[in-house]
Amino acid sequence: MLDKIKTFYRQNRLLIIIGLSFILLMQICSRGGRVDKPAVQKEQPVLDQEIADDSQLKPLNEIYYEQQQKKQERNPEMISLYILMGMVLLVYVATKRGWLQKLSPSIVWVVISVKRNKTTKARVATITINNQTKESLTFSPPILAFATPFKKARKFRIKGADENLFPLTLMPGTAHRLTIDMDAFRTKAGLTANKWVRVEANAGLKVYRSLWKYLF
């Protein structure tokens, strides 16, 4: 399920970002459309009020400036609206021109996920090697490492269904997946007591490892 969500996000991330930005935009507009009713004050009659001198009179440009300041204070949401529109436009242009891919970190993702088959209830492991670096990498057959607390991990090399598949070369931005019957593998290797598993992928100069996964 998690892999499907990730795949859906990668394929539709632009629409998701635009949709969320549009929802936030509508929320800001709805708040900005509210009119605050001024409190009604009773006017007291003014009797024989006189202006002592001309110091209370203000120039026309000063009055105009104060009115503009009051308008900005009454509509602070408009500033947030302009900022949001600019951010949405920036993300759209950056996605179209590939700027986000250049800014994304160069890394190799090695992931193992375990699910149960709905029919047989057997655990099936999916190993994913994702090359997000800026160069092609050649991987040796991945290694499954099984461990239990306070004991040394036992490692097994995986060849996959096609023995001629490895060594495998992945271009930048490409990935490869392997599927393994985890229960059958553990039974055959005598690893029923080993509940922790991870994957190691050797790319020559560096070994990439996944996080430890607990087999429920």
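This passage walks through the fold, one sheet and a surface patch of a predicted model. Residues are numbered from 1 along each chain as its sequence is written. Local features need pLDDT of at least 70 and side-chain atom pairs pLDDT 80 or more, while totals for chains, interfaces and linings use all residues, and side-chain values rest on heavy atoms, with hydrogens and water left out.

The chain holds 5 helices and 10 strands, taken as DSSP runs (H or I, at least four residues; E, at least two) and numbered from the N terminus. Of its 216 residues, 23% are buried, meaning under 20% relative accessible area with a 1.4 Å probe, protein chains only.

One open sheet has 3 strands in the order 1-2-7, with antiparallel pairing (pairing takes at least two DSSP bridges). Strand 1 (108-116) and strand 7 (174-181) sit at the edges with a single partner strand each, so one side of each lacks a neighbour in the sheet. Neighbouring strands here are turned by 15° against each other on average, direction ignored, with axes fitted to C-alpha atoms. Strand 2 (residues 123-131) pairs with strand 7 over 8 bridges, and Thr128 stands opposite Arg177 in strand 7. Helix 5 (residues 182-189) packs on this sheet and touches strand 1, strand 2 and strand 7; contact means heavy atoms within 4.5 Å. The direction of helix 5 makes about 60° with that of strand 7, on a scale from 0 to 180 degrees between N-to-C directions, the helix axis being fitted over the stretch in contact.

Phe216 lies in the segment after strand 10 (213-214). Phe216 is exposed, at 73% relative accessible area, where exposed means over 50%.
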